Amino acid sequence: MKKVLLFTTLCFATLVVSAQDLITKIPKDASIVASIKGKNITDLVSTSEFENSKMGKMMMEKLSMKTDGVVTNFETLGINLSENFYYFMQIKDGVDTHSFLIPLKDKRGFFSLLSESEKERVEYEDDLAYLVDKYDNTITMWNNNTMLITSTDKEDSYDDYYGYNDYYDDYSVVEDAVEEAKTIYPVMDFYETTYNFGTIKEGDIVEHTFNFTNTGNSPLIISDAKASCGCTVPSFSMEEIASGATGSISVKFDSSHKSGSQNKTVTITANTENGVEKLYIKGYVSEDGIAEAVIEDIEVEEIEETVIESTEYAQDSYYNDDYYTKREAERKARDAKREAERKELFVDIIANAKTTLKADYVNGSILKNPSYLKSIGSGKDEATLWVSDFMGIYKNMFSSILGSGYYGDSPYDIFNAGALYDGMTLTSKLNFEEDKASLKASYTMNNEMAKYNRQMYNGKMNKNFFKYFNEDEIEGYFSFNMSTEGMLEAYPKMVETMFDGVEKEHLDDLVPIGTRLFSLILDEEAIAKIVRGDMLLVMTGLETKEVEYTTYEYDENYVSTEVVKTKEETVPNFLFMVTSEEKEIFERLMRIGIKEGGVFFENGIYNVDVPDAPFMLSMVFKDDVLVIGNSAKEIMAINNGTIKGNVSGKHKKIISNNSSSLYVNGKKSVRDIPSDVLPREIESKLNYFVDNVEDAYLTVGKMKGNTMEAEMIINKPEDKGHKNSLAYFFNMINALID
Amino acid sequence: MLKRITTYCLLFFAITLCTSCFEILEEINLKTDGSGTMLVTFNLSKSKTKLASIMLLDSVNGHKVPSKDDISIALKDAEDHLKKIPGISNIKKTIDYENYIFTIACDFDKVSNLDAVFKDLIQRHNKREKTNFNSTNFSFNQSTNTFARKFSYDDAIKKSFYRLKGDDRKVFEDASYTSIYRFDNLVESATNLNAKIAPNKKAVFLKIDAMSLILGEKSVANTVQLTK
């Protein structure tokens, strides 16, 4: 975990697609891929600029202290900041593996970060070196230009059972695994390696299939098979053969123009320990097909059987009636089993790391994944994130969290969630531009889901909303644009799809009955008249109000009396606007409220005393908009038409064209918030912030095709000397640290 | 959806409003025979707008916000606890959610009865947290006519304060603790330098800001010598 943190810290400071980009080391089937483009970042803020910033200095000081002065700047860290950094996650058999790929310039820099005891534990193999951390199932493996940190989320019973201390600092499991990992190869275990075709007639063609099992502990890949003679043709499949699976190689022998005793060899090239395996065919070719000689005995290969000691009952011979002896034996057996499982895990971790670092993938790298290429492409984004196959990730997450539930293994047994969530991908891109920083995220969903989303988010924004507030005075707004009608229609259909074909508990029959009843009872159109689905909340500014409070006064003899004093309080005002065509229903409700008490009609507006709320609500129904606010003054102005709405095209667009948006007028709110409510650390820097904060907004777009896009933009203020938006961030952080 | 909007609104309210401040008032009227009355007041009235906003939320800054029911139950528990203590009688509590003022009052036969109220709690806390708070808070020696409020500062207070986030610490910045002890006899002297003796010599007043108390700069400990 420490290393993961270190990585994140480094990324901050970092980072060109070059000839040996590390992306080729990411497998095609990775579920999540994140990248940080070193050069793009160092172009915006150079390494030395960063090192000279307060944050950089602080970081370097810490690193220098940790390494006893070995690391004094980024150069000595040995990290290649002009290359790309990657993170990827892989899910295999329900186990998540998280990997970080870091480009190295000089491996000695990283090495110097290790503690003496860690240095002693480093294993060397060819040009690779690695270090296994058994506490968090993490391996750090590096060669001359790449460092890989892989961590596996394998849940095991290691820590929660018996003594953690027994194993403290005992790295024997890891050492055993390291040894075993060195011997990790696929093994081609043939049923026979020699085939004797007996005596055949010249011109006959003999064909034989050699069957084998991969008895090794990693997948087998056959890359070639050749025979010693053109008369013999071997054929094989290039597909990967998993550990434990069977495969075959067929060999065809054409006896034309041959006579007498025949001995042919087939040489197989595969990723086994020796790299080559041999098969033999022999026999006798006669003109008439009658045997002349006695054929040699078939070679029988004896396989040595490995005797696995049964740990479970290992102690049986010592068994006596003593309960503790029995328990002790059980405990040892469990320990041994656990130990064996852990060893297996480490063997896997080491083997996987080697595969990654060597980019030894049968199916190729992520660059062969069309979805990845389409989503990420070769943009100039500083950082990207791509998440494929949400379903797979969710499923995996649920089964590991919930285990077996009431209905079966996971909620996916009762939901047909795949119908809605299959094929969903997320792409996210971070961009630091000259004048703004943006973070874009786009969800691509399947046709079914897209259909429902289009129905729900095809709402219209009421233009009347813009008449009631002045953009220059507001602190911010939150808009929400949904179609109530569309939602009421789509929702039951989505539920139906979810349960479609789910036979458990007859849900596939029952659910549609429920959802159709829902649709029958509800009149979607009528409901949509009450609340159309578009709404806007505007924080209209701050108002100073006088508030009463109780305290005590004491006479000279300290007899206390309760007194009521007043103080000024800054109260934020808000307006909440909803489109509704049912003015009548609203007025009827208000009339009831007046009768019951709690609602007061005054100057054409309704004031509602909300129990427990710190403010009074004022309401008015104007045109087709229900306006609710906490400032009677503002609501009255809206009612009298004395308010002057002023909203620029830019904001009208943001509000109208998105299904949801959030805008923060940073400039104004930083100025308005009373300084005494800010955290003390910021209070003193208020001036800097007032001067340097611009604004920010977050939008969630409407459906375009099958994609929905969200974007967050933080604008950089003009003429304040910030080189670009990334430099702006650093400057702000610097101001904070100061 | 509406719920979320209200939450945003309330949060904005809670942020923009003034820092919360509160007062704690401890009043004891002591008679010559050692019996008397005690009144403890928690006054949060100055931050009532903020509290009213916070109370509508489920949690703020990651802390769960207690509901009115939770507060009422806590006060009821305190009342029940008092009822079990021998020598304590006439227990009264007031709850005012309009102004956020809560009081609890009782009569006691002997000053030592008051100690019994907290003794259990303090002893348990000391054992659990390895702190060193004195378990006797009040004493009255009838033969010498001295009334004492005891308090031993423990670093645990400072530590738990520093464990709070900056925003949470601010709560204590404008808070104060006031104690008023009134006597039938005249006051000769009071040991706490921050304490004031009333001109009629019948009351001792001590107001300390919460921060000084938390940081151990000032103490509520006081020994009052009364005339015999």
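Trainee: In the hairpin of S11 and S12 of chain B, which residue takes a positive phi?

Mentor: This is a predicted model. In chain B, strand S11 covers residues 196-197 and pairs with S12 in the antiparallel sense over 2 bridges. The hairpin has 5 residues between these strands, and the residue with a positive phi near 60° is B:Lys201.

Trainee: Which residue of S12(B) stands opposite B:Lys196, and which residue stands opposite B:Ile180?

Mentor: S12(B) has pairing partners that include S11(B) and strand S9 of chain B, residues 176-183, which is joined to S12(B) by 7 antiparallel bridges. From S9(B), B:Tyr177 stands opposite B:Ile208. B:Lys196 stands opposite B:Phe205, and the residue opposite B:Ile180 is likewise B:Phe205.

Trainee: Why is strand S12 of chain B described as largely enclosed by the rest of the structure?

Mentor: A residue is buried if 20 or more other C-beta atoms lie within 10 Å of its own. S12(B) spans residues 203-209, and it is largely enclosed because the number of buried residues among its 7 is 5.

Trainee: In what order do the strands of the 7-stranded open sheet of chain B run?

Mentor: The pairing in this open sheet is mixed. Its edge strands, each pairing on one side only, are S5 and S11 of chain B. Read across, the order is S5-S6-S2-S1-S9-S12-S11.

Trainee: How many bridges join S2 to S6 in chain B, and how many join S5 to S6?

Mentor: Both pairings are antiparallel: S2(B), residues 36-43, with S6(B), residues 101-108, and S5(B), residues 88-96, with S6(B). B:Val40 stands opposite B:Ile104, while B:Ile95 stands opposite B:Phe102. The bridges number 8 for S2(B) with S6(B) and 7 for S5(B) with S6(B).

Trainee: Which residue takes a positive phi in the hairpin of S5 and S6 of chain B?

Mentor: The hairpin of S5(B) and S6(B) has 4 residues between the strands. The phi in question is near 55°, and the residue is B:Tyr100.

Trainee: At about what angle to S5(B) does helix H3 of chain B run?

Mentor: Helix H3 comprises residues 68-83 of chain B and lies across S5 and S6. Angles are taken between N-to-C directions, from 0 to 180 degrees. For H3(B) and S5(B), the value is about 170°.

Trainee: Which are the edge strands of the 4-stranded sheet in chain B?

Mentor: This open sheet has antiparallel pairing and the order S7-S8-S13-S10. The twist averages 15° from one strand to the next. Each edge strand pairs on one side only, and the two are S7 (138-141) and S10 (187-190) of chain B.

Trainee: What is the bridge partner of B:Val187 in S13(B)?

Mentor: S10(B) pairs with S13(B), residues 222-226, in the antiparallel sense over 3 bridges. B:Val187 is also included in a second, separate core of 28 residues, together with residues such as B:Phe108. Its bridge partner in S13(B) is B:Leu226.

Trainee: Which helix gives the largest share of the largest nonpolar core?

Mentor: The largest nonpolar core has 85 residues, of which A:Ile350, A:Val538, A:Met577 and A:Val627 touch the most other members. Not counting residues up to four places away in sequence, A:Met577 touches residues including A:Phe465, A:Tyr468 and A:Val627. The largest share, 6 residues, comes from residues 323-358 of chain A, helix H9.

Notes:
Residues are numbered from 1 along each chain as its sequence is written. Chains are lettered from A and ligands numbered from 1 in the order in which they are written. This is a predicted model: local features need pLDDT of at least 70, side-chain atom pairs count only at pLDDT 80 or more; totals for chains, interfaces and linings use all residues. Two strands pair if DSSP finds at least two bridges between them. A nonpolar core is a set of buried Ala, Val, Leu, Ile, Met, Phe, Trp, Tyr and Cys residues joined through C-beta atoms within 7 Å. A residue is buried if 20 or more other C-beta atoms lie within 10 Å of its own, exposed if 12 or fewer, and partly exposed in between; C-beta atoms are placed from the backbone. Two residues are in contact if their C-beta atoms, placed from the backbone, lie within 7 Å.
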